[in-house]
Structure formats: C-alpha cells, structure tokens
Amino acid sequence: MNWQVERVLPIEAELGECPLWSSAEQVLWFVDILGPAIHRFDPKSGDHQVFPQHEEVGCIGLRREGGLVAALRSGIWFLDAQGKPQRKIADNPGEASKSRFNDGRVDPFGRFWCGSLWEPQDRNGGKLCLLDKDLQLHVVDDDVQISNGLAFSPDRRWVYHSDTPYHVIWRYSLDPVTGAIGKREAFRRFSDGLMPDGAAVDAEGFYWSALFDGGRIVRIDPHTAEIVDEIPLPVRWPTMVAFGGEDLKTLYITSSRENRTAEELAQYPWSGSVLAVRMPVAGQPEPLFG
C-alpha cells in the first residue's frame, strides 16, 4: 500500500510518547517525557497547548470524572484538564532515583496500566503496574527492563506488553468479564534486533507496533504473530501510535530526538514531531479511568 505520512504537528519533542485520542474532545493528547510536559493538540483548528510538568511524565489516561491520570517519576497522580497536579495516588514502587514511568494506558475495565524503565539498564529493575479503580497500585510484573507496548485486544482477552531492549512482545491473558490477569507468554520475538516500542490494537485485533530505531510501524497478526503490513516513516525513532479522528482511522505517531547527533537530526529533520497516516481500518476508542 502507498502510505501517505504527514507531519501534522512540527515540534521538537525530546521524547514524544503516549499519544491518546479523546473521542469526547476530538483532540490528541500526548507527552514529552523529558520536556517534561503534557500536550493537547486539536488537528482541526491547529490549537496546540503545552502543560509543563515538575518531573518526567511517562504516560497519561483520560478520567471518567474529567482530567487525567498520569504516571510521573514520583508516582501516580490525578491532574486537572490543564495538567495541574491535584493529588498523588500512589508512590513509584521502584527506586524513583533510578527508574521512571514510561508507556501506559487505560484498559477496557477502566484501570490504568503503567510500566517503568530501569535507567542504569544493568538489570531488570523496571516494573509493570496496574492502578485499580479503587486506587490501589499493583505490581503485575517486575521482570522488566524498559516497559512499552501496552495495548488490549477488542475481545478483552489479552493485554500486550513489550520489553524493548529484549526485542520481545509479551502478552498476558485476561478474563473478559472480571479482568483477572493470567500468566505472561511470549507473543513475538524479533530475531533481527528490531526494538518494539509503543503500540495500539485496531478494531480487528491486529497489533500495530512502533519499531524504535527501525523507522517504521508494523502490523502483527494476533493469531500467527507474523508481520502482515508495515508503514515506512520519515523518522528513525518512532515511539508510539494511537488511532484517532472522527472515524478512528487516523494513526497518530509520536517520535523521539533524544541523544541524537546533529548529523542524525539533519538526516531525519522530522524527529520529535507528531506524524499521521490515514488507515483502511479503524482503531478502538480509548477507555476512561474509573
């Protein structure tokens, strides 16, 4: 397919992440982890708001009561609609001086999943966490180095999760009624060294993964784990994807320029921008926390 990739928001985010489409507002939320800041972008009007944060912000979710739930370095916070912290819900369960939160999103049961990374990268010090609707934070897995790729199947039977430096996408079984979590199993390993970063699952159940340092997005079959399509990008370091637009057929893509040389940025001048591609398949609406 002849994909048309647009640069819809020409910014220089240091580490753009966690794009999130609000169907109610018809806007795209995303973060610059190292900004640190939360961004709100209206594709129709072009309005772009930036809400600076007092510490690194890994991921966000929309709350049913309004505002955001956010995983900051220090822990989980409730924020208002302008990104101002209202109250802290839970501490970072790891060593906050050496670990910060990274990828995450709200699941179909109204719970907030957030993963962390271990900055020294000398051991698996990251964690995969789950904030229940009763505001209790649980560590689902602590055998993680850099948590990424959180996404959920349309039938509510699987949660996907990647550990980027290990080139692997995991998945955990879910009870579709209760949301109870089963054991972890390998969904796909990349033998060619490609690094799966953030992801989203479309309405047909296919997993779209941003390949960091791979310069493309791939679509993975949920039954065979084979790559069935890919979107080449004009950036080398895509970080995460989200389906948006009125019909949920626009794929928004965040990207990074962190630690890149002047030569690399000259070769990939769109690094840090938000990109978009029109898709033949729709995504799923983002659930609300609570």
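Visitor: Which residues does Gly244 touch, not counting residues up to four places away in sequence?
Guide: Contact means that heavy atoms lie within 4.5 Å. Leaving out residues up to four places away in sequence, Gly244 touches Trp21, Lys249, Thr250 and Tyr252.

Visitor: What kind of model is this, and from which number are residues counted?
Guide: This is a predicted model, where local features need pLDDT of at least 70, side-chain atom pairs count only at pLDDT 80 or more, and totals for chains, interfaces and linings use all residues. Side-chain values use heavy atoms, with hydrogens and water left out, while residues are numbered along each chain, as its sequence is written, from 1.

Visitor: Is Gly244 buried or exposed?
Guide: Residues under 20% relative accessible area are buried, those over 50% are exposed, and those in between are partly exposed (1.4 Å probe, protein chains only). Gly244 has a relative accessible area of 0%. Gly244 is therefore buried.

Visitor: How far apart in space are Gly244 and Gln26, C-alpha to C-alpha?
Guide: In sequence, these two residues are 218 residues apart. In space, C-alpha to C-alpha, Gly244 and Gln26 are 8.1 Å apart.

Visitor: Which strand holds Gly244?
Guide: Strands here are DSSP runs of E with at least two residues, numbered from the N terminus. The run covering residues 238-244 includes Gly244. That strand is β22.

Visitor: How many bridges join β22 to β23?
Guide: Two strands pair if DSSP finds at least two bridges between them. One bridge here has Ala242 facing Tyr252 in β23. The two strands run antiparallel, and the number of bridges joining β22 to β23 is 6.

Visitor: Which residue in the hairpin of β22 and β23 takes a positive phi?
Guide: This hairpin has 5 residues between the strands. The residue with a positive phi, near 85°, is Gly245.

Visitor: How many of the 6 residues of β23 are buried?
Guide: On one side of β23, Thr250, Tyr252 and Thr254 are buried, and on the other side so are Leu251, Ile253 and Ser255. The strand, residues 250-255, is largely enclosed by the rest of the structure, because the buried count is 6 of the 6.

Visitor: Which residue of β24 stands opposite Ile253?
Guide: β23 also pairs with strand β24 (residues 274-278), in the antiparallel sense, over 4 bridges. Opposite Ile253 in β24 stands Leu275.

Visitor: Which strand gives the most to the largest nonpolar core?
Guide: A nonpolar core is a set of buried Ala, Val, Leu, Ile, Met, Phe, Trp, Tyr and Cys residues joined through side-chain atoms within 4.5 Å. The largest has 32 residues, and those touching the most other members are Trp29, Ile38, Ile60, Ile76, Phe112 and Cys114. With 5 residues, the strand giving the most to this core is β7.

Visitor: How many aromatic pairs does the structure hold?
Guide: Rings of Phe, Tyr and Trp (its six-membered ring) pair if their centres lie within 6.5 Å; planes under 30 degrees apart count as stacked, over 60 as edge-to-face and the rest as tilted. The number of aromatic pairs in the structure is 10.

Visitor: Why does the pair of Tyr160 and Tyr207 count as tilted, and what is the angle of its planes?
Guide: The ring centres of Tyr160 and Tyr207 are 4.9 Å apart. Tyr160 is in β15 and Tyr207 in β19, so the pair ties together parts 47 residues apart in sequence. The pair is tilted because its planes stand at 40°.
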